[in-house]
Every structure is written in structure tokens, then in C-alpha cells.
Amino acid sequence: MPDEPEARDWVLQELSKQEYQQAKPNFIEEFFAWLWEQLANLVTDGGFKGSGINPWAIVLLVLLIALIAGLVLLGRPRAIARRAAKPGAVFLEDDPRSAIELRQAAEAAASQNDWSLAIAERFRAISRALSDRTLIALRPGTTAQGVAAAAVRVFPAEAGELHRAADRFDEVRYLGVAGTRTGYEALRALDERLESSRPKIAELAAANTTPAGAP
């Protein structure tokens, strides 16, 4: 069995591994160092004598607690990064694709079960098609929510689906949420309905003079 200094080094080495360092706040290592010191003092001072407790069992318990804490905390950076991510533009600056090309890209992604890409491309197709019909005005930096808000003015009956479509785009493009077949099929159906629907004429002039929102 290792002596007390060597066992303490084992614990600290375990806690210094990269996965723990990335996932935990700095005070975690300090806490376990303090905990080890208290346990070591008990062993040194004979606190376990006559109690029938094996001090090395405590060492293993500390390691187990460290492992559990590490597993719990490993998810924190991803959750924080997701909360920190902010939705951005629908189109990259160098994306000249037409609505037809974007629909084809969406269908190609769907055929590969890449639902996240399929959703993103289909929403871009919807945006491009509405812009080509001069129903909304796109500009650099236009967001999915901006597209939805502008489209609702001329397709008020589709308000719920347009905003849900924008939410799906933001989720798969910027928030790291995996797309689904159901989500993609909802966007495809929305795209087809918008293509065959007449816009609300009373709002068309206002929509043409008001650019879709930017971040």
C-alpha cells in the first residue's frame, strides 16, 4: 500500500486530469485537497484506531466522489456554451444560391438523414423564395426571427408555423440542437403552402418597404 504522501498525490493527479480541469470550477480541487488533509490528519493522529475503519477505503471513497463530481460537471461547459450562443444571420455573405438550389440541398441532406442541415437549408429556401417574390426584404445580417416577423405581415395565418420554423433554424444552426425528420417535414410543408398561397395584399406594401429584422 502507498504511504500517506503518495496516496495524496494519487488523488490530486486524478483531479488534475484534463476532463476535470475543463469541467470544474477552481474551488473543486481545493475542496478535495482540503478533504484529503482532514482525512490524512485523522490517520496521522490515530483517529481511525479502534474504529475498524480502513483508512485506504476512505481514499477510494474520495476518488469515487471525485469521479462522480467530474461526470456531473462535464456537462456544464456545453450547457453554458449553449446558453451563451446567440442566433445569427440566415445566410452567409457569400451564399448566392437560389430557392430551387436551396430546396435541392435540403432534400439531399434529408436523404442522408442529416436533419439539422436539411432544416437549415429549407429555412433558407423559404427566406430566399419570399425575397424573390418581393414579399420580404432581406439584407445582410437578417435573422431567422426577422424573416418570420416580416413574413407574418403578409401571411398572418401562418404566424405560428413561421415562428416555429425560425426557432428550428436557430436551434440547429446556432444552439446545437439536433434536427428531426418531423421538424424538417414541417418546414417542407410550410414552404409548399407559402408557395401556393396568396399574400395579404393590404400588408404587402409595408412589407416591401420594411427590411426583415437584423440581430
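## A charge over a tyrosine ring

The charged end of R173 lies over the ring of Y174, 5.0 Å from its centre; a charge counts as over a ring if NZ of Lys or CZ of Arg is within 6 Å of the ring centre and within 35 degrees of the ring normal. A second such placement involves R128, whose charged end sits over the ring of F91, 4.1 Å from its centre.

The structure is a predicted model, in which local features need pLDDT of at least 70 and side-chain atom pairs count only at pLDDT 80 or more, while totals for chains, interfaces and linings use all residues. Residues are numbered from 1 along each chain as its sequence is written, and side-chain values use heavy atoms, with hydrogens and water left out.

## Aromatic pairs

A search of the whole structure finds three aromatic pairs. Rings of Phe, Tyr and Trp (its six-membered ring) pair if their centres lie within 6.5 Å; planes under 30 degrees apart are stacked, over 60 edge-to-face, and the rest tilted. F123 and F169 form a tilted pair, 5.3 Å centre to centre with 35 degrees between the planes. This pair links distant parts of the chain, since F123 belongs to helix 6 and F169 to helix 8, 46 residues apart. Helices are DSSP runs (H or I, at least four residues), numbered from the N terminus.

F169 also pairs with Y174: the ring centres are 6.2 Å apart and the planes at 70 degrees, so this pair is edge-to-face. Ring pairs thus link F123, F169 and Y174 into a cluster. Buried means under 20% relative accessible area, exposed over 50%, and partly exposed in between (1.4 Å probe, protein chains only). F169 is buried, at 0%, whereas Y174 is partly exposed, at 22%.

## The nonpolar core and helix 6

The largest nonpolar core has 33 residues, and V90, F123 and L130 are among those with the most contacts inside it. Such a core is a set of buried Ala, Val, Leu, Ile, Met, Phe, Trp, Tyr and Cys residues joined through side-chain atoms within 4.5 Å. The largest share, eight residues, comes from helix 6. Leaving aside neighbours within four places in sequence, V90 is in contact (heavy atoms within 4.5 Å) with residues including F123, V147 and F169.

Helix 6 is mostly covered, with 14 of its 18 residues buried. At 1.5 Å a residue, its expected span is 26 Å, which agrees with the 25 Å between its end C-alpha atoms; the expected span is 1.5 Å times one less than the number of residues. Just after helix 6, T134 takes a positive phi of about 55 degrees.

## Salt bridges

A search of the whole structure finds 11 salt bridges, each a side-chain nitrogen of Lys or Arg within 4 Å of a carboxyl oxygen of Asp or Glu. R103 and E195 meet in one of them (3.3 Å, N to O). This pair links distant parts of the chain, with R103 in helix 5 and E195 in helix 9, 92 residues apart. R103 is buried, at 17% relative accessible area, but E195 is partly exposed, at 41%.

Within helix 6, E121 and R124 are three residues apart and so separated by about one helical turn. Their closest N and O atoms are 2.9 Å apart in a salt bridge, and both residues are buried. In helix 8, R164 and E161 likewise lie three residues apart, about one turn of the helix, and their side chains form a salt bridge (2.8 Å, N to O). R164 is partly exposed, at 41%, as is E161, at 22%.

Definitions and conventions:
Helix = DSSP H or I, 4+ residues; strand = E, 2+ residues; numbered from the N terminus.
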